[in-house]
Amino acid sequence: MAENRVVQGRMVTARALAELIEGEDVMEAEAIEDADRDCPECGGDVLEVGYMPSVTAFVTGWKCQDCDWKETDRE
Ligand SMILES: [Zn+2]
């Protein structure tokens with residue numbers, strides 16, 4: 001069940017959003033959620049998505065809907 005969202009004017013699936021954050025293919029992504037925070041760069045709305053870049057890793061990523069800003073909970 002994928003809910004598509006608009007990011008920088010483009011419709012993306014959870015997986016596509018995770019790949020935008022990661023910069024490469026991911027194995028699996030959870031549903032997109034609205035993060036309870038604003039973009040530090042432009043004040044825009046931030047989306048949150050949990051994903052698995054590989055079988056042994058789980059990352060939570062955030063991406064602004066309006067600009068290039070993104071972040072993960074990786075060390
Ligand atoms: Zn932004």
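Me: How many helices and strands does the protein have, and what pattern do they follow along the sequence?

Reply: In this predicted model, the protein has one helix and seven strands, and read along the sequence they follow the pattern β-β-α-β-β-β-β-β.

Me: What makes the protein as compact as a globular protein of that length?

Reply: The radius of gyration of the protein is 11 Å, and the globule rule gives 11 Å for 75 residues, so the protein is as compact as a globular protein of that length. The C-alpha atoms fill a box of roughly 35 × 30 × 20 Å along the principal axes, and buried residues make up 27% of the 75 residues.

Me: Why is Glu24 called exposed or buried?

Reply: Glu24 has 7 other C-beta atoms within 10 Å, and a residue counts as exposed if that number is 12 or fewer, so Glu24 is exposed. Glu24 is found in the loop between helix 1 (14-22) and strand 3 (28-29), and its C-alpha atom is separated by 15 Å from that of Trp62, which is 38 residues apart from it along the chain.

Me: How do you know that strand 5 and strand 6 pair, and in which sense?

Reply: Pairing requires at least two bridges between two strands, and strand 5 (residues 45-54) and strand 6 (residues 57-64) have seven, in the antiparallel sense, so they pair. As one example of a bridge, Leu47 has Lys63 in strand 6 as its partner, and a hairpin joins the two strands through two residues.

Me: What makes strand 6 and strand 7 a pair as well?

Reply: Three bridges join strand 6 to strand 7 (residues 70-72), and since at least two are needed, these strands also count as paired. They run antiparallel, with Glu71 in strand 7 as the bridge partner of Trp62, and they form a hairpin with five residues between them.

Me: Which residues have the most contacts inside the largest nonpolar core, and which elements supply it?

Reply: The largest nonpolar core has 15 residues, and those with the most contacts inside it are Ala14, Leu17, Ala18, Ala29, Leu47 and Val49. Helix 1 and strand 5 each supply at least two residues of this core. In soluble globular proteins, nonpolar side chains tend to be buried together.

Me: What is Val49 in contact with, leaving aside its neighbours within four places in sequence?

Reply: With those neighbours left aside, Val49 is in contact with Ala14, Leu17, Ala18, Ala29, Glu30, Ile32 and Gly61, where a contact requires C-beta atoms that lie within 7 Å.

Notes
Residues are numbered from 1 along each chain as its sequence is written. This is a predicted model: local features need pLDDT of at least 70, side-chain atom pairs count only at pLDDT 80 or more; totals for chains, interfaces and linings use all residues. Helices (H or I, at least four residues) and strands (E, at least two) are DSSP runs, numbered from the N terminus. A residue is buried if 20 or more other C-beta atoms lie within 10 Å of its own, exposed if 12 or fewer, and partly exposed in between; C-beta atoms are placed from the backbone. A nonpolar core is a set of buried Ala, Val, Leu, Ile, Met, Phe, Trp, Tyr and Cys residues joined through C-beta atoms within 7 Å. Two residues are in contact if their C-beta atoms, placed from the backbone, lie within 7 Å. The radius of gyration is taken over C-alpha atoms; the globule rule is 2.2 Å times the number of residues to the power 0.38.
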